[in-house]
Amino acid sequence: MSDQANATPAYGASLTKAEPYATEQIPDAERHGHPRSQFTLWFAANMVLAVMVSGFFSSLFGLSVAQGLSAVAVGTLLGVIVMGLLAGIGTKLGVPQQVQGRGPMGFFGNFLPITLLTIVSAIGWTAVNTVFAVIALQMLVEVPFALAAVAIFAVQSVFAIWGHNLVHLVNKIATVVLTVLFIIISVLSLGQADFSQGIDTSAPLYMGGVGGWVTFAGFFFAYVMTWTPFASDFSRYLPRNTSHAKVVGYTAAGSFIAMTWLGGIGVLVSSFAGELDAIPALAELTGSWAPVAMLTVVLSTLPVSAMNLYGGSLSLLTIKVPVNRIVGVIIVAVASLGMTLLMQTNPYGGFYDFLSLLAYLVVPFSTVLLLDYYLRMRKNISSSVSELFNTGRRVEWGFFAWIIGCLASSLFWNTSLIIGPFASTSAIFGDLGFVAGIAASTAAYLALSKLAPLAVMRLSDRPGISELRADLEKRANK
């Protein structure tokens, strides 16, 4: 390890080179940065219109201002703690979050969750945010939707292709710029805020104080959790001896401040803005400053979408699609561009429900990853990293724990796409799908992990086989 640490880095902190690494472990010589970079990274990633729009749902559930604001804070806090812990693991293992999934899932067992939870999610969220950006851009200049979408994707793709260091720099700059712009939007929006808004039992989605609060808090918990399969992607370059607590703290703080800020603004103006589509609502809220607001939406999309394209490309490589990282970015970008064009008239609609459905599947996955690391992998980091690249570990018990968690969660799902059998009977307590997923996947993992590993080593991997084969070939040649 000392020789590796003293080696000359080929990439390091360079901004003049495209990132040469993908899903392999980052060598110690390439490790660089400070954990505070995780703050600006995740702050900028969550300073987007989608977070404010999520706050609009507060009035639809009939929540008071106090209930809405507290739900945003609690739901976000629970999510960012998980996010921070997973980002910290990336620093220790030096691999992307998608690759870490091979630990509890197995090399091939990891294919299904990565395909569903990262590739589809990256394509979908990039499309949602880009639709908002294009609509906002069209309010500034007259430009065809398709042309604007292609131009925005070109910028986002360049950031993602250049990779880790540029994405971090872009997000640092975006943190400053977006803070200033969203302060302006916040001041203007608060003019429409109704601080006296109380409980509204006639609201279209009203399900009681407890049920509505839990479900609304679940929106923000789910939003953060959809990021967790990417949590280590941008922390894996930090030096191995970086404080785990600092990585957790900076990651959680950046996400929490951004989401409670914009989500809280959404709550305060929900009685007004909830009646309009997202972009018209923002234009109404900001009045004569609407051009500034539209510019903010366009700029805020670039860093978050670059991160999604980057994570999506790593996901393709994790499931062994035979391309390099750059081609992976292009594939995800093209797929997302196609989705953007399909969603241009309704960026949330049914696909928003589908992404919510993905969050139900993400929660058991991230639960299993945390359990496996803290109960098993961290005891021997070197051995744990080696097993992540062992194709002989085809499917492991963690995969079945994830499946069990998803099945238990599905009993309580409540979306326009799927309604679980217990969704209506438990509505008084809110959306319990996430709770069920966490509880079931935890119980299943703890039970199944006591069983013998399912890994079946290939013949060539078994001790002594390679030596025996070499000896036989030597004898045959004689």
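## A tour from surface to core

Start by selecting isoleucine 173, which is partly exposed at a relative accessible area of 49% (under 20% is buried, over 50% exposed, and partly exposed lies in between, with a 1.4 Å probe and protein chains only). This is a predicted model, in which local features need pLDDT of at least 70 and side-chain atom pairs count only at 80 or more, while totals for chains, interfaces and linings use all residues. Residues are numbered from 1 along each chain as its sequence is written, and side-chain values use heavy atoms, leaving out hydrogens and water.

**Stop one: the surface patch.** Isoleucine 173 sits in helix H10 (helices are DSSP runs of H or I with at least four residues, strands are E runs of at least two, and both are numbered from the N terminus). Now add Leu15, Leu140, Val141, Leu169, Val176, Val177, Val180, Leu295 and Leu299 to the selection: with Ile173 they form a nonpolar patch on the surface, and together they have about 770 Å² of accessible area (Shrake-Rupley method, 1.4 Å probe, only the protein chains shown counting as cover for residues). Patch members have over 30% relative accessible area and no salt bridge; nonpolar side chains (Val, Leu, Ile, Met, Phe, Trp, Tyr) are joined within 5 Å, and like charges within 9 Å. Which helix gives the most to the nonpolar patch? Helix H10 does, with 5 residues. Helix H10 (164-189) and helix H15 (290-318) each supply at least two.

**Stop two: a network of charges.** Select arginine 376 and aspartate 372, whose side chains meet in a salt bridge at 2.8 Å, N to O (a side-chain nitrogen of Lys or Arg within 4 Å of a carboxyl oxygen of Asp or Glu). Arginine 376 is partly exposed at 30% relative accessibility, whereas aspartate 372 is buried at 2%. Then add glutamate 387, which forms a salt bridge with arginine 376, the closest N and O atoms being 2.6 Å apart. Glutamate 387 belongs to helix H18 (381-387) and arginine 376 to the loop between helix H17 (349-375) and H18, so the pair ties together parts 11 residues apart in sequence. Adding Arg393 completes one network of Asp372, Arg376, Glu387 and Arg393, joined by salt bridges that share partners.

**Stop three: a buried pair.** Go to arginine 236 and glutamate 19, which meet in a salt bridge at 3.1 Å, N to O. Arginine 236 lies in the loop between helices H11 (209-225) and H12 (244-268) and glutamate 19 in the loop between helices H1 (2-6) and H2 (37-46), so this pair ties together parts 217 residues apart in sequence. Both residues are buried.

**Stop four: helix H2 and the core.** Select H2: 9 of its 10 residues are buried, so the rest of the structure largely encloses it. Its cover includes H3 (49-55), H5 (65-93), H10, H11, H12 and H15. Next, select Leu49, Met52 and Trp227, which touch the most other members of the 134-residue largest nonpolar core (buried Ala, Val, Leu, Ile, Met, Phe, Trp, Tyr and Cys joined through side-chain atoms within 4.5 Å). H15 supplies the largest share of this core, 14 residues.

**Last stop: confidence.** Colour the chain by pLDDT (the predictor's confidence in each residue, from 0 to 100); the average is 90, and 92% of the residues score at least 70. Confidence is highest in H2, at 98, and lowest in helix H21 (465-477), at a mean of 46.

How values were computed: Contact = heavy atoms within 4.5 Å.
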